[in-house]
Amino acid sequence: MKVKVTYRERMFIGDYRCIDHERTISVERTFRNGNILYCCLDRFNVIAISNEDIIRIGDD
């Protein structure tokens, strides 16, 4: 079962400015270690997302 993870991706455009983009990915499984959520896209690819950047986690 796939799980949708929506998170904030931050791009810095200057010394004191940034733009936030909302991204949604579909992952096979997730696990937490400390303040980081690890999302397994497939068998070999893993994305690490900070807990403060996560907007929502839900089922497909």
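A strand here is a DSSP run of E with at least two residues, and strands are numbered from the N terminus. Keep that handy, and remember that the model you're looking at is predicted.

**Exercise 1. Find the strand that holds R10, then work out whether R10 is buried, partly exposed or exposed.**

Step 1: Look along strand β1, which covers residues 3-12; R10 is found there.
Step 2: Take the relative accessible area of R10, which is 40%.
Step 3: Buried means under 20% and exposed means over 50%, with partly exposed in between. At 40%, R10 is therefore partly exposed.

**Exercise 2. Which residues does R10 touch, once you leave aside its neighbours within four places in sequence?**

Step 1: With those neighbours set aside, R10 is in contact with C18, I19 and D20.
Step 2: Now check D20 for a salt bridge. Its side chain meets that of R10 in one, at 2.8 Å from N to O.
Step 3: Place the two partners. D20 lies in strand β2 and R10 in strand β1, so this pair ties together parts that are ten residues apart in sequence.
Step 4: Check D20's surface too: its relative accessible area is 39%, so D20 is partly exposed.

**Exercise 3. How many salt bridges does a search of the whole structure find, and where do R8 and R23 fit in?**

Step 1: The search finds four.
Step 2: Start with R8. It forms a salt bridge with D53, and the closest N and O atoms are 2.5 Å apart. R8 sits in strand β1 and D53 in the loop between β5 and β6, 45 residues apart, so to speak of distant parts of the chain is fair.
Step 3: Go on to R23, whose side chain meets that of E9 at 3.0 Å, N to O. This pair links strand β2, home of R23, with strand β1, home of E9, 14 residues apart.
Step 4: Compare with the cut-offs again: R23 and E9 each have 35% relative accessibility and count as partly exposed.

**Exercise 4. In what order do the three strands of the open sheet run, and which strands stand at the edges?**

Step 1: Read off the order, β3-β4-β5, with antiparallel pairing.
Step 2: Count partners. β3 (29-33) and β5 (46-50) each have a single partner strand, so one side of each is left without a neighbour in the sheet.
Step 3: Zoom in on β4 (residues 36-40), which pairs with β5 over five bridges. C39 stands opposite I47 in β5.

How values were computed:
Residues are numbered from 1 along each chain as its sequence is written. This is a predicted model: local features need pLDDT of at least 70, side-chain atom pairs count only at pLDDT 80 or more; totals for chains, interfaces and linings use all residues. Side-chain values use heavy atoms; hydrogens and water are left out. Two strands pair if DSSP finds at least two bridges between them. Helices (H or I, at least four residues) and strands (E, at least two) are DSSP runs, numbered from the N terminus. Buried means under 20% relative accessible area, exposed over 50%, partly exposed in between (1.4 Å probe, protein chains only). Contact means heavy atoms within 4.5 Å.
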